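Here is a short briefing on the structure shown below. The points are grouped by topic.

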Amino acid sequence: MAVRGLLTQAPASLGRAVSGRGEQAAMRPHHREHLITLSCASVLFTAGYALQAFAFSMPGLVRDWNLDTQAVGPLLASAMLGLMLGYLALSPLAERIGVRVIVAGAMVCLSLATLASLAAPGVLTLAACRGVIGAASGAAIPTAVAIVSQQGAPRWQGARVVATYTAYSFGFLAAAGLSGWLIPEAGWRAAWVPGALFALAAALGALALPRRAARSGRRQPRIHGPRALLDRNRRLGTLLFWILFPAGLCLFYALQSWLPLLATEGGITFSGAVALTGIFTLGNMLGAVPMIWWADRMGPFRALAAM
């Protein structure tokens, strides 16, 4: 009887063991998707911090270096110029040399440029460092977002991308919080040090990314050159993108870059300027939350019109 009981229970135990292993195997891709998404979010967080921390240093920098208004604009714009060059020239290289190399390399360059800016003796050197920081951010951001868009079920693709982009705003908020603490205690360069550390951590996290972007098995319509953006099916979306996206970016980066300096020159304390800029960033981030819900249920065009 004991032997018969063991023989009866053995298949059931074996079935439960195989079932448990199957569940673990099924969970592994799910966990990997979360790890990749978290790694990409850390890249956007780092880029947001590195770009915004400099704005909080501007009041002290202008005071200590006796900069006039004509020098402030190009210094702030150097990172934006690098960002544009990174978007246009560096991020497309991910198709050739791999997303892992682009993202990890960009984060290492961002960290090194941030450390070099700590010892910059003048405006030209500092502007060059800021240009490299912008280019590294521009190379990493679209590559990371493209990887996130390929993870998980297509139904949550839009929500996942928007949620990942909120990490960019979290980087701005972190820059506000750390700058409000570090700059009064250790000087206007002190807020840049965490950005170098965040970049190194993001470079290590990029090792979890796939070597190359996945290619969809679905047949995609062929696109022949830039003129295809203005064909009958894409013309409206292209024109709306060309109008709304630059306008939104211009407003966002102009306010984020100039607000700390203009607020302090207007008589507001440094802590008040940091809080004012942080509130604007928080509002920008909260505005993305309903877009996650609307975009998946209403479609991108209706969600954009509702916003």
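**Briefing**

The structure holds one salt bridge. The model is predicted. The points below cover that pair, the nonpolar cores, two helix positions and a surface patch.

**Salt bridge**

- Arg 63 and Asp 64 are the partners, joined through their side chains at 3.5 Å, N to O.
- Arg 63 is exposed, because its relative accessible area is 55% and the cut-off for exposed is over 50%.
- Asp 64 has 43% relative accessibility, so this residue counts as partly exposed.

**Nonpolar cores**

- The largest nonpolar core has 39 residues. Cys 40, Val 43, Leu 44, Met 107, Leu 110, Tyr 168 and Leu 209 touch the most other members.
- Two or more residues of this core come from each of α1 (2–65), α2 (69–90), α4, α5 (123–149), α6 (157–186), α7 (193–205) and α8 (235–265).
- Helix α5 gives the largest share, nine residues.
- Another core, of 23 residues, lies apart from it. Its members include Phe 54, Met 58, Ala 174 and Val 274.

**Contacts of Leu 110 and Ser 111**

- Leu 110 touches Thr 46, Ala 50, Ile 133, Ala 136, Ser 137, Gly 195 and Ala 199, with residues up to four places away in sequence left out.
- Ser 111 sits in helix α4, which spans residues 99–118.
- Ser 111 has a relative accessible area of 1%. The residue is therefore buried, as the cut-off is under 20%.
- Beyond its neighbours within four places in sequence, Ser 111 contacts Ala 196, Ala 199 and Leu 200.
- Ala 199 is thus listed as a contact of Leu 110 and of Ser 111.

**Glu 95**

- Glu 95 belongs to helix α3, residues 94–97.
- Its relative accessibility is 54%, so Glu 95 counts as exposed.
- Glu 95 and Thr 143 are 48 residues apart along the chain. Their C-alpha atoms are separated by 9.5 Å.

**Surface patch**

- A nonpolar patch on the surface is formed by Leu 229, Leu 230, Leu 236, Leu 239, Leu 240, Phe 241, Trp 242, Ile 243, Leu 244, Phe 245 and Leu 249.
- Together these residues have about 1000 Å² of accessible area.
- Phe 245, one of the patch residues, is found in helix α8.
- The relative accessible area of Phe 245 is 43%, so this residue is partly exposed.
- Helix α8 also gives two or more residues to the largest nonpolar core.

How values were computed. Residues are numbered from 1 along each chain as its sequence is written. This is a predicted model: local features need pLDDT of at least 70, side-chain atom pairs count only at pLDDT 80 or more; totals for chains, interfaces and linings use all residues. Side-chain values use heavy atoms; hydrogens and water are left out. Helices (H or I, at least four residues) and strands (E, at least two) are DSSP runs, numbered from the N terminus. Buried means under 20% relative accessible area, exposed over 50%, partly exposed in between (1.4 Å probe, protein chains only). Contact means heavy atoms within 4.5 Å. A nonpolar core is a set of buried Ala, Val, Leu, Ile, Met, Phe, Trp, Tyr and Cys residues joined through side-chain atoms within 4.5 Å. A salt bridge is a side-chain nitrogen of Lys or Arg within 4 Å of a carboxyl oxygen of Asp or Glu. Patches are made of residues with over 30% relative accessible area and no salt bridge: like charges are joined within 9 Å, nonpolar side chains (Val, Leu, Ile, Met, Phe, Trp, Tyr) within 5 Å. Accessible areas come from the Shrake-Rupley method with a 1.4 Å probe; for residues, only the protein chains shown count as cover.
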